[in-house]
Amino acid sequence: MSRTPPSPTALRVADLSHNVDNTFDLRPDAAATKALAEMLDVSALRKLSFVGRIISMGSTDWQLEGRLGATVVQPCVVTLDPVTTRIEANVARRFIHDFSDPDEPEAEMPEDETAEPLGPWIDPAIAMQEALALAIPDYPRKDDAELGQLVYTKPGEAPMTDEDTRPFAGLADLKDQMKKGGH
């Protein structure tokens, strides 16, 4: 096995201490943060940090525990104005020596979604990137942004609105007509 780490943040499992916490404190520089923002398709990424520890779970398994913090800027899905979101999340991953992936094409998902196979290296930066990707809002929206209503129709015809398609919209009009007609 190569002693050269696959990345500058990867920790060799054989070098981890079983007796004390193996701590990490990742605070990517501006270039790394910009590259990660591009990879995650966000406008900007600021104040990114991932601090935690890797602890022994018995003689062969390991657990990564960390706290992710980041500020993400994305375009609003309605107005395209910038939306800033602060992300604070606890991250946990368990690296299991005897982990086995199911071979069947339609296998059940394991109950423990934090479990991963243990390889020769544990990279906190990969856990940070995965956790950040999952925490970023899918549809960021400004608080005051409203989605308007577009109405299309053929020239000369009355447009149909969302209100017209509601199943009981006509009953209110019928009730009002009945009251006016004295019924």
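This is a short selection tour of a predicted model, going from the whole chain to the core and then to a surface patch.

**Whole protein.** Start with everything selected and colour by secondary structure. Three helices and seven strands are present, and from the N terminus they run in the order β-β-α-β-β-β-β-β-α-α. Switch to a surface view next: the accessible surface is about 13,000 Å², with carbon and sulfur atoms supplying 52% of that area. Of the 183 residues, 30% count as buried. Among contacts with a separation of 6 or more, 60% join residues 24 or more positions apart.

**Core.** Select F50, L64, L68, I122 and L132. In the largest nonpolar core, which has 28 residues, these five touch the most other members. To see where this core draws its residues from, add β2 (22-26), α1 (30-39), β3 (44-57), β4 (61-75), β5 (82-96) and α2 (124-135); each of these elements gives two or more residues to it.

**L68.** Now centre on L68 and show its contacts, leaving out residues up to four places away in sequence. The partners are L48, S49, F50, I87, E88, A89, V91, M128, A131 and L132. Two of the names in the previous selection, F50 and L132, appear again here.

**Surface patch.** Move on to F168, L171, L174 and M178. Together they make a nonpolar patch on the surface, with about 420 Å² of accessible area. Pick L174, which lies in helix α3 (residues 169-180). Is L174 buried or exposed? Neither label applies: its relative accessibility is 42%, so L174 counts as partly exposed, a class that runs between the 20% limit for buried and the 50% limit for exposed.

Definitions and conventions
Residues numbered from 1 in each chain as written. Predicted model: local features only at pLDDT ≥ 70, side-chain atom pairs only at ≥ 80, totals over all residues. Heavy atoms only, no water. Patch = residues over 30% accessible without salt bridge, like charges linked within 9 Å, V, L, I, M, F, W, Y side chains within 5 Å. Areas by Shrake-Rupley, 256 points an atom, 1.4 Å probe, with all protein chains shown as cover. Salt bridge = Lys/Arg side-chain N within 4 Å of Asp/Glu carboxyl O. Helix = DSSP H or I, 4+ residues; strand = E, 2+ residues; numbered from the N terminus. Buried < 20%, exposed > 50% of the residue type's maximum accessible area, 1.4 Å probe, protein only. Core = buried A, V, L, I, M, F, W, Y, C linked by side-chain atoms within 4.5 Å. Contact = heavy atoms within 4.5 Å.
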